[in-house]
Each structure stands twice: as structure tokens, then as C-alpha cells.
Number of protein chains: 2
Amino acid sequence: MGDIDTVVARIQQGNGRPAEGVCPIRDVLDQLGDKWSMLLIFLLAAGAQRFGELRRKLPDISQRMLTQTLRDLTRNGLVTRTVHPTRPPSVEYALTPQGFTLLDALGPLLRWAEDHHDYVRSSRRRFDAEA
Amino acid sequence: MGDIDTVVARIQQGNGRPAEGVCPIRDVLDQLGDKWSMLLIFLLAAGAQRFGELRRKLPDISQRMLTQTLRDLTRNGLVTRTVHPTRPPSVEYALTPQGFTLLDALGPLLRWAEDHHDYVRSSRRRFDAEA
DNA sequence: CTGTATCCCATATGATACTG
DNA sequence: CAGTATCATATGGGATACAG
């Protein structure tokens with residue numbers, strides 16, 4: 001755990017994997033690596049929210065992708081989906097306890113991104129300037 | 001920083017962004033979210049390595065994607081590329097200091113993935129069983 | 001050995017219209 | 001309001017052949 005050789009071994013083990021892999025890293029990354037999953041997790045960190053609220057807070061997501069991403073997060077046990085039997089229906093989404101632990105695990109990455117954003121951008125400029 | 005409201009604000013700020021965004025989260029995720037970046041960072045954590053070595057350790061990456069991913073990582077200042085003027089040429093890749101700090105920031109996520117892999121897989125099974 | 005160019009396909013995402 | 005269906009498109013990524 002945390003041991004790099006172990007990680008590498010697992011990564012290689014995951015090569016040529018079938019549908020849903022053996023390698024936990026790839027498995028988790030496949031869910032988180034898409035365009036919206038992480039952003040939704042961050043949004044949901046503030047508490048349970050309805051479909052429409054999320055949509056408004058993320059103006060450039062399509063209805064289709066919001067539905068789909070929320071379904072995947074639910075399927076993976078990171079988010080709960082609660083239908084309130086009103087007319088018209090309202091549906092609330094919230095992080096599960098495991099969703100919250102994932103959020104914690106994402107904290108350092110978040111901080112890294114903010115702390116190094118300038119560095120990354122200037123690296124790009126320098127790189128593009130050469131060539 | 002680390003404050004969720006701030007994060008959300010930044011995410012929204014990034015909406016409808018131009019080429020290379022204002023939002024550090026999206027900016028970093030775009031680089032890390034592809035199929036190979038994180039895996040290469042983990043591999044390079046073990047030390048500088050040549051193109052061919054990396055290729056052998058990641059049997060299912062195409063030459064094209066290896067080149068491309070390494071170039072992007074280099075462009076973002078996470079990896080250095082050193083050409084040794086031998087015949088034939090040999091090229092070594094290594095993490096930069098910033099690459100190593102990113103690696104550290106990724107540690108918790110790695111651990112989460114391992115710790116919760118079983119949970120995620122059983123969640124999926126349960127979800128798929130219903131419907 | 002390392003890297004580029006080309007061609008091709010699968011998939012992810014978006015736009016729009018429709019339904020309970 | 002929340003979700004589905006359909007169509008269209010962009011992009012990611014693989015295979016292969018070639019080049020310095």
C-alpha cells in the first residue's frame with residue numbers, strides 16, 4: 001500500500017483487462033477521469049441537492065451528461081439518489097459516507113492544483129515558446 | 001483553499017472556458033484524466049527511465065500514446081526529457097520536483113482506491129442486479 | 001532507439017426533441 | 001422536474017508504416 005512497486009505491479013496486472021478491471025487504480029480513475037465526476041463530487045460536498053440545482057450550478061453540463069454522471073456515481077456507491085413522491089417529482093442527490101472519504105482523499109490533489117496552477121501554466125508557455 | 005465554496009466558485013468560473021482554462025481543478029484534471037498520465041507518473045516515481053523501459057513496463061500502451069503523453073507531461077513541467085547524444089539516441093524521462101509533489105498529492109487517492117475497491121465493485125453488482 | 005505521419009474506429013459528449 | 005431517445009460530432013487512442 002502506498003508502496004510504489006506494488007502500485008506498478010497492479011498497474012501492469014490491469015493491462016489488457018476485461019470490462020471492469022482488476023487494478024483498483026485504473027478502476028477508480030476510469031470513474032473519476034471523465035469530464036464531470038469530480039466536479040459533481042465537489043459540488044455535492046456542500047450537501048444534498050436536487051437535479052435542477054446541480055444543473056444550475058454547472059451551467060455548461062448537458063442534461064444528458066448530468067443524468068449519466070450521477071447514475072454512474074450512484075452505481076459506484078459514491079452518491080445516493082432519493083426520489084420524493086411529489087408532483088412533479090423531485091430527486092435529491094447526496095454523497096454517501098464513502099463519497100465523503102473520497103472527497104477527503106481528493107483534498108491534497110485539490111490543493112496541489114491550486115498551488116501549482118501558475119507553475120503549470122508558465123511551463124506550458126515556455127514549452128510552446130521553444131519548439 | 002480547500003474551502004469547498006471556493007472550489008465550487010472556481011469550477012463555475014471555468015465554465016465555457018477557452019483553450020486552457022482559468023479553473024485550476026479542471027486544468028489539472030484535464031491532464032491527469034487521460035488514460036496514461038497518472039500511470040506514467042507512478043512508473044516514473046521509481047526513477048529516471050528510458051522510453052523503451054517505460055514501454056516495456058506498460059505493455060498495452062501504443063508508441064504513439066507513450067510519446068504523446070510524455071510530451072504533455074513534459075510540457076506541463078511534471079517530467080523532464082533528456083536526450084543522450086549516443087548512436088542510436090537514448091532518451092531519459094524523469095519526474096521534476098513538482099512531479100514528485102504531485103505524486104505525493106496523489107497518495108491519498110491511491111490509498112482510497114485500494115481501500116475501497118471492494119466496496120465499489122460490490123456497489124456496482126448491487127446496482128446492476130436491481131433495475 | 002525514439003519519434004512522426006496516416007488512417008481508422010470506438011467512445012465521450014453535446015443538441016434537440018420528447019415523456020411521465 | 002427529471003429523465004430518455006436520437007442524432008451528430010469531436011476526440012482519444014490504436015495499428016501500421018516510415019524517418020533520423
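User: What percentage of residues 23-121 of chain A is helix, and what is strand?

Analyst: Over residues 23-121, chain A is 63% helix and 14% strand. The end C-alpha atoms of that stretch are 32 Å apart. Helices (H or I, at least four residues) and strands (E, at least two) are DSSP runs, numbered from the N terminus. This is a predicted model, where local features need pLDDT of at least 70, side-chain atom pairs count only at pLDDT 80 or more, and totals for chains, interfaces and linings use all residues. Residues are numbered from 1 along each chain as its sequence is written, chains are lettered from A and ligands numbered from 1 in the order written, and side-chain values use heavy atoms, without hydrogens and water.

User: What does UniProt list for residues 23-121 of chain A?

Analyst: The unreviewed UniProt entry lists "domain: HTH hxlR-type" there. UniProt positions are given in the numbering used here, feature names are shortened, and annotations may be inferred rather than shown by experiment.

User: Which pattern does chain A follow along the sequence?

Analyst: The pattern is α-α-α-β-α-α-β-β-α. That comes to six helices and three strands.

User: Why is A:Ser90 called buried?

Analyst: Buried means under 20% relative accessible area, exposed over 50%, partly exposed in between (1.4 Å probe, protein chains only). A:Ser90 has 9% relative accessibility, so it counts as buried. A:Ser90 is found in strand E3 (residues 90-95) of chain A. Leaving aside neighbours within four places in sequence, A:Ser90 is in contact (heavy atoms within 4.5 Å) with A:Arg50, A:Thr82, A:Val83 and A:His84.

User: What makes helix H2 of chain B largely enclosed?

Analyst: Eight of the nine residues of H2 (residues 24-32) are buried, so the rest of the structure largely encloses this helix. Among them are B:Ile25, B:Val28 and B:Leu32.

User: Which peptide bond before A:Pro88 is cis?

Analyst: The bond from A:Arg87 to A:Pro88, with omega near 0°. A:Pro88 lies in the loop between strand E2 (79-84) and E3 of chain A. In chain B, a cis peptide bond joins B:Arg87 and B:Pro88, with omega about -5°. Most peptide bonds are trans.

User: How do you know that a two-fold axis relates the chains?

Analyst: Chain A can be laid on chain B by a turn of 180° and a shift of 0.0 Å along the axis, with an RMSD of 0.1 Å. That is the relation of a two-fold axis. Copies are superposed by least squares on the C-alpha atoms of residues with pLDDT of at least 70 in both. In chain A, A:Gly33 comes closest to the rotation axis, at 2.1 Å (C-alpha).

User: Why say that the copies meet through the same surface?

Analyst: Of the interface residues of chain A, 98% are also interface residues in chain B, so the copies meet through the same surface.
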